[in-house]
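Ready for some practice in reading a structure? Work through each exercise yourself before you look at its solution.

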2 protein chains.
Amino acid sequence: MPPPDLRIALTDRARGGTRQRVYDALREALVAGRLEPGRRLSENELAEALGVSRTPVREALVRLRDDRIVEIVPQLGTFVSKISIGAVADAQFVREALECAAIRLAAERVGDAELLALREIVAAQEDAHAAGDFDRFFVLDDAFHAALCEASGHGIAWSLAQRADGHLVRVRRLSLPVPEYMGEMIAEHRTVLDAIAAHDPDQAEVALRHHLRMVLSVLESIQADHPEFFEKE
Amino acid sequence: MPPPDLRIALTDRARGGTRQRVYDALREALVAGRLEPGRRLSENELAEALGVSRTPVREALVRLRDDRIVEIVPQLGTFVSKISIGAVADAQFVREALECAAIRLAAERVGDAELLALREIVAAQEDAHAAGDFDRFFVLDDAFHAALCEASGHGIAWSLAQRADGHLVRVRRLSLPVPEYMGEMIAEHRTVLDAIAAHDPDQAEVALRHHLRMVLSVLESIQADHPEFFEKE
DNA sequence: GGCGGCACGCTTGCATACTAGGTGCGCGAC
DNA sequence: GTCGCGCACCTAGTATGCAAGCGTGCCGCC
């Protein structure tokens, strides 16, 4: 029996090597929930579906295991990690630590060009909100936080946070279809932005920490709505 | 011409898969400086030296590239990253952010058993100091910080910091042969420990941040002593 | 009918073969 | 003598083949 449609596809043939494209495609499908937690993944299936050999698929899966969003069991199979409350807490801790440290620096050294770029991202989020475009909103949310870390001079903070974020990001994604959260998040972004523009590290940190913790407030309801996506523990 | 002795060896055959053992062996040799910055590594050479095939070597190298301590240039070769001042600053930032956040939690929730374990590590460091055993001191230093993060309930902080730490850890290692630093570091560990024992998060954070920044104070002299290990920038 | 055991098929882990591309060296022309 | 071109070797990237282990289902036996 052929497996159900995996709904994964490689990006443009031009950019990056095969391994990177496979990683990107898989990660995107995983955090978007198209490859649901608990699902079994086979290197052979993925390789066939993507039209490449097992080698790049395998290397991408190893990297995704480092991200803790897949589990590889030797001689048995590879599985999409169920969302673990403990792992969500870890990811939240890491993200708070890194982003809050970054924003303190950003508040001190941010320039006009960077502020403008941040404001444009928030404006674009307004548009996405109005259009009800969840996916675009989600991308812009990431872009906002990435730009924030970039402004601190340590862009590495974002790339690290993102990689440690596997469990948390799936919760965020599941929480998006609640429209009122989108408006709330935009308001919080504005608050953060104002504090940075005022070059006030303390206020910026407080605002960001509050913003980052919002997602946790919906965790329980998400778990109630999708118990099958969560680890029993 | 056969390559010079690579001075790398796999650990016990029992523990972990081949990939993990290759990664551990390479990382250890890299941070210890036996594979010096700028050196060219060949997948073929490494595979032959370790008695395994290219596949696990390759997967280990990809992971080390994520750690930023090797650079893989397609169709050309793999090289040990030279120490980059920018990368050291990034690593320092990440480590400060994660460990300082962790120690605040640790100061609040640490128990007697954990305190005792930490004190024992410091005591062992005294022994290593007295014996002039740099390698053992280095291992114990890692153990101290790992135990600190573990006590926070987010052991993930240490594993992340360690992986982001590639450039910084090489500087630390180069700085160790200066005996007075060992005594100073032990004293700082004690200060940190006292603050935790007193359940004082603010004081603990201050002490740890000061401790973490000590390594930076020797950066310039290290760079002066080993200019060939550093990136020209 | 229920239970024990064997065998098959599937999985990942590791090894090997092949491809494409880049570097550097050597030869030839000017 | 010097510059330019081309070939040969070496690299990582990818594909494929082989080995070992676990789960499952079927079949025989009790």
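Which element gives the largest share of the surface near DNA strand D? It is H3(A), with three residues. Before we go on, note that this is a predicted model, in which local features need pLDDT of at least 70 and side-chain atom pairs count only at pLDDT 80 or more, while totals for chains, interfaces and linings use all residues. Residues are numbered from 1 along each chain as its sequence is written, chains are lettered from A and ligands numbered from 1 in the order in which they are written, and side-chain values use heavy atoms, with hydrogens and water left out.

**Exercise 1.** Describe the protein surface around DNA strand D.

*Solution.*
Step 1: Find the neighbours. DNA strand D is surrounded by 22 residues (near means a heavy atom within 4 Å of the strand), and the closest are Thr18(A), Ser53(A), Thr55(A), Arg54(B) and Arg58(B). Of the strand's atoms within 4 Å of the protein, 63% are in sugar and phosphate.

Step 2: Look at polar contacts (pairs of N or O atoms within 3.5 Å). The side chain of Thr18(A) has a polar atom 2.5 Å from a phosphate oxygen of DNA strand D. For Ser53(A), a side-chain N or O atom is 2.7 Å from a phosphate oxygen of this strand. From chain B, Thr78(B) brings a side-chain N or O atom to 3.2 Å from a phosphate oxygen.

Step 3: Sort by class. Seven residues are nonpolar, nine polar and six charged. Here Ala, Val, Leu, Ile, Met, Phe, Trp, Tyr, Cys and Pro count as nonpolar, Asp, Glu, Lys and Arg as charged, and the others, Gly among them, as polar.

**Exercise 2.** Now do the same for DNA strand C.

*Solution.*
Step 1: There are 24 residues around DNA strand C, and Arg58(A), Gln75(A), Thr18(B), Ser53(B) and Thr55(B) come nearest.

Step 2: Check which atoms meet. A polar backbone atom of Thr18(B) is 2.7 Å from a phosphate oxygen of DNA strand C, and a backbone N or O atom of Leu41(A) lies 3.3 Å from a phosphate oxygen. A base is reached too: a polar side-chain atom of Thr55(B) is 2.8 Å from a base nitrogen.

Step 3: Name the main contributor. H3(B) gives the most to this surface, with three residues; helices (H or I, at least four residues) and strands (E, at least two) are DSSP runs, numbered from the N terminus.

Step 4: Count the classes. This surface has eight nonpolar, ten polar and six charged residues.

**Exercise 3.** How can chain B be laid on chain A?

*Solution.*
Step 1: A turn of 180° and a shift of 0.1 Å along the axis lay chain B on chain A with an RMSD of 0.1 Å (least squares on the C-alpha atoms of residues with pLDDT of at least 70 in both). The two copies are therefore related as by a two-fold rotation axis.

Step 2: Locate the axis. In chain B, Ala97(B) comes closest to the rotation axis, with its C-alpha at 2.7 Å.

**Exercise 4.** What is the make-up of the lining of the second largest pocket?

*Solution.*
Step 1: The lining has twelve nonpolar, four polar and eleven charged residues.

Step 2: H4(A) gives the most to this lining, with ten residues.

Technical notes. A polar contact is a pair of N or O atoms within 3.5 Å; within protein, one must be able to donate a hydrogen and the other to accept it, and residues adjacent in sequence count only if both atoms are side-chain atoms.
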